[in-house]
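Trainee: Could we go through this structure together, and could you show me how each label is justified?
Mentor: Gladly. Ask away, and we will set each value against its cut-off.

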Number of protein chains: 2
Amino acid sequence: MKSFIEYSPDSDFPIENLPFGVFTSAQNHEKHIGVAIGDLILDLHVIAHLFDGPLLKSKQNVFKEQKLNEFMGLTRPYWVEARNTIQKLLDATNPTLQNDSALRQRAFVKQSEAQMHVPAEIGDYTDFYSSLHHATNVGIMFRGKDNALFPNWKHLPVGYHGRSSSIVVSGTPIHRPYGQTLPVEDADPHFGPSRLMDFELEMAAFVGGPPTQLGERITAKEAGDRIFGFALMNDWSARDIQKWEYIPLGPFTAKNLGTTISPWIVTIEALRPYIVENFPQDPTPFSYLRHDDNFNFDIKLEVDIKSEKSAVSTTVCRSNYRYMYWTAKQQLAQQTVTGCNIRPGDVLGSGTISGEASDSYGSMLELAWKGTKPIRLLTGEERKFIQDGDTVTLRGYCVDDDGVRIGFGKCEGKLLPAIPFEE
Amino acid sequence: MKSFIEYSPDSDFPIENLPFGVFTSAQNHEKHIGVAIGDLILDLHVIAHLFDGPLLKSKQNVFKEQKLNEFMGLTRPYWVEARNTIQKLLDATNPTLQNDSALRQRAFVKQSEAQMHVPAEIGDYTDFYSSLHHATNVGIMFRGKDNALFPNWKHLPVGYHGRSSSIVVSGTPIHRPYGQTLPVEDADPHFGPSRLMDFELEMAAFVGGPPTQLGERITAKEAGDRIFGFALMNDWSARDIQKWEYIPLGPFTAKNLGTTISPWIVTIEALRPYIVENFPQDPTPFSYLRHDDNFNFDIKLEVDIKSEKSAVSTTVCRSNYRYMYWTAKQQLAQQTVTGCNIRPGDVLGSGTISGEASDSYGSMLELAWKGTKPIRLLTGEERKFIQDGDTVTLRGYCVDDDGVRIGFGKCEGKLLPAIPFEE
């Protein structure tokens, strides 16, 4: 497949990818839906009339929305038709867009000149805890090797409801938060800036399909058509605040200070060539959590830290989505097992994705092992946790045997100093 | 104060109340914003042009929305002007509405002929755990008297993010959920219908004012202008599912099977005459959680259970909002302390409100003390938890020294049998 749009072989956004996002530009202050191709964005608002397939012909309005929810609220056959139409329009052999210079002028925007936005209205966001190595690492650190995993962990995808309002798009700075912590066990708590700021390397699965009704369950077998695609996610965490507040109802203000997502949603269609075997599960989960097909993906994940003092980034983590014990289908089945209704645009966070190797851990908590093994950056600086001025960048990409590479772009955020608390 | 609309002295909705809601009717399939007065609803969409005060004259469009968020997103002076305008229009001495028979015909709808809806788009819903007696009761049951309260409980309002999508309006039936439980300690988990279905007597505080930015804090001192009003809330809970799933990240599917709210939001303006002293707090909380004024309310709360077999309801709980240890201002301060942004329409759930007396406990878990002290209904039936076919009704009202009474209407839901799980 070859597009008339030129891009380098290591672009995240070849014609095989075609992820969806929402952008504004200097020419256009209204949010438009777009698709990334090379260094450009194809503005779907402008070419909505070209979606003339049997399904989308009467649904072209979904591409004129300011968010992806209406499009995501359709079903997979619509998504596939949209992808095929876009791929055809971008193909080097197709003249429709290529040779219509007036339309072409209006339909493409440089990514460098666009401002990306959170691509969908995220009605509800759930964060799971589905990487075996991550859960085991945290368990060993806090409870010892023999009690690392809680008894429920291998029976169901443990998860909790997160905060939707504080999900922001890549590039948004995050302030170090103030909060309560307990620096000395059994002493009085302390109020001040968090001292243990961390990233969490996650992926966000966006839910698609029509909304369900309260009481309706979606089993893992039925869940495949309900996952629209994936983005990268950094679930910023204040470890010291978390530790003090989370008993007994779970993480709260330690996690709602900001959650960064990458702007482009890579679809399941684009990811299909990179499907790998599911993580082996023992014990066999209950029927509602079982599905026979593979729904795991070979997505290489990396995290860079760049200190404010230097232009040099250090890759501190090399992980992979394939380390997920529970699949996104299983997460959705768990989300809905008691009848919780879902809406297109909902997000299922994977939880921190850690591999087995110590350089594949998806958080500073694990990489520097609770501060006991500081990470050395290329600049010689040491890190136990994230420092003010540090920029944290998540990247993800897939490569197949033929060398076809698709990427997720980046999920980046800079940690700014705490805003002083004035009484 | 006397209205030209007649109602009985024990009406929940006298002219002193004027709660806001959203309704449709046979005449009107589009959602309209209305205010309850006696047995009627005053349709604000129809009389939007009568909001001619200095502030609202240019904002009449907020009353033509299909939800309350735009109105809630204004500030308290706007809310006060709206209340004053409505009170004036309904006053027995005011001819504007009273004597315009054509307008009057269109502007009033019988509550019995209207369908109520969730009154706002609830972007995020947080559930707190702010009643001392409830937290203590649960603590004693599961950890014994000496460790009843966790160390953080008196230092901060413990809370967790809930599920927005599954908040439904009074009258919506709830299905008993399927889920995983651990009937025998250290044995294998079981999958089937929950056997321990419970209600939780709560109140929902609706957040108002313009949205804040990520990183912005609202201290308890600043939070007063950010609470728009209150409704009743039943946070249905599957206790057996909760017990198995909640370690270590908190309640998840045990709580997202449905949360019922009453349709009318009673404003802070209406509640002012019923303000009482805050619950004494020891230790004194950190500065961001302190406010000097009273923001506690004498709201009498009751819970009725009615079995399907009988027409007789039994009041199983008599509690009061005044038992809240943490105020809604303090809850909002905690919600935002790390910089979490808020949006008008967000909900802060109080947590189960229990008093000291054993008939004031706000859940079956406490009333029947973990099933050890079954409750006897007036029909002679016993209840340890909620049975299929039971209707649970929450009511709330305030009475002042002059006998002026305002109420919250009701928050009702019937528990239906589980929908069988078919493989």
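**Labels and their reasons**

Trainee: Why is A:Lys329 called buried?
Mentor: This is a predicted model, and in it A:Lys329 has a relative accessible area of 4%. Buried means under 20%, so A:Lys329 earns the label.

Trainee: What makes A:Asp293 partly exposed?
Mentor: Its relative accessibility is 36%. Partly exposed covers the range between 20% and 50%, so A:Asp293 belongs there.

Trainee: How do you know that A:Lys329 forms a salt bridge with A:Asp293?
Mentor: The closest N and O atoms of A:Lys329 and A:Asp293 are 2.5 Å apart. The cut-off is 4 Å between a side-chain nitrogen of Lys or Arg and a carboxyl oxygen of Asp or Glu, so the pair qualifies. The pair links distant parts of the chain, with A:Lys329 in helix H8 of chain A and A:Asp293 in the loop between E18 and E19, 36 residues apart.

Trainee: What makes B:Asp124 and B:Arg343 a salt bridge?
Mentor: Their side chains meet at 2.9 Å, N to O, and the limit is 4 Å, so they count. B:Asp124 lies in the loop between strands E5 and E6 of chain B and B:Arg343 in the loop between helix H8 and strand E22, so the pair ties together parts 219 residues apart in sequence.

Trainee: Which of the terms buried and partly exposed applies to B:Asp124, and which to B:Arg343?
Mentor: B:Asp124 has 4% relative accessibility, so it is buried. B:Arg343 is at 30%, so it counts as partly exposed.

Trainee: What makes A:Asp12 and A:Arg405 a salt bridge?
Mentor: Their closest N and O atoms are 2.6 Å apart, and the rule asks for a distance within 4 Å. A:Asp12 sits in the segment before strand E1 of chain A and A:Arg405 in strand E26, 393 residues apart. A:Asp12 and A:Arg405 are both buried.

Trainee: How many salt bridges does the whole structure hold?
Mentor: The search finds 49 over all chains. Salt bridges also link A:Asp198, A:Glu200, A:Asp235, A:Arg239 and A:Lys255 in a network.

Trainee: Why is the aromatic pair of A:Phe279 and A:Tyr325 called tilted?
Mentor: The centres are 5.5 Å apart, and the planes make 55 degrees. Rings pair within 6.5 Å; under 30 degrees is stacked and over 60 is edge-to-face, so 55 degrees leaves tilted. A:Phe279 lies in the loop between strands E18 and E19 of chain A and A:Tyr325 in the loop between strand E21 and H8, so the pair ties together parts 46 residues apart in sequence. A:Phe279 and A:Tyr325 are both buried.

Trainee: Which residues do ring pairs link into a cluster?
Mentor: The cluster holds A:Phe20, A:Phe51, A:Phe63, A:Phe71, A:Trp79 and A:Phe228.

Trainee: What is known about the contact between chain A and chain B?
Mentor: Each chain gives residues to it: 64 from chain A and 64 from chain B. The area buried between them is about 6000 Å², with 61% from carbon and sulfur atoms.

Trainee: How many salt bridges are counted between chain A and chain B?
Mentor: The count is four. A:Arg163 forms a salt bridge with B:Asp346, with the closest N and O atoms 2.8 Å apart. The side of chain A that touches chain B divides into 32 nonpolar, 23 polar and nine charged residues.

Technical notes. Residues numbered from 1 in each chain as written. Chains lettered and ligands numbered in written order. Predicted model: local features only at pLDDT ≥ 70, side-chain atom pairs only at ≥ 80, totals over all residues. Heavy atoms only, no water. Contact = heavy atoms within 4.5 Å. Buried area = accessible area lost by both parts, 1.4 Å probe. Nonpolar A, V, L, I, M, F, W, Y, C, P; charged D, E, K, R; others polar. Phe/Tyr/Trp six-rings, centres within 6.5 Å; stacked < 30°, edge-to-face > 60°. Helix = DSSP H or I, 4+ residues; strand = E, 2+ residues; numbered from the N terminus. Buried < 20%, exposed > 50% of the residue type's maximum accessible area, 1.4 Å probe, protein only.
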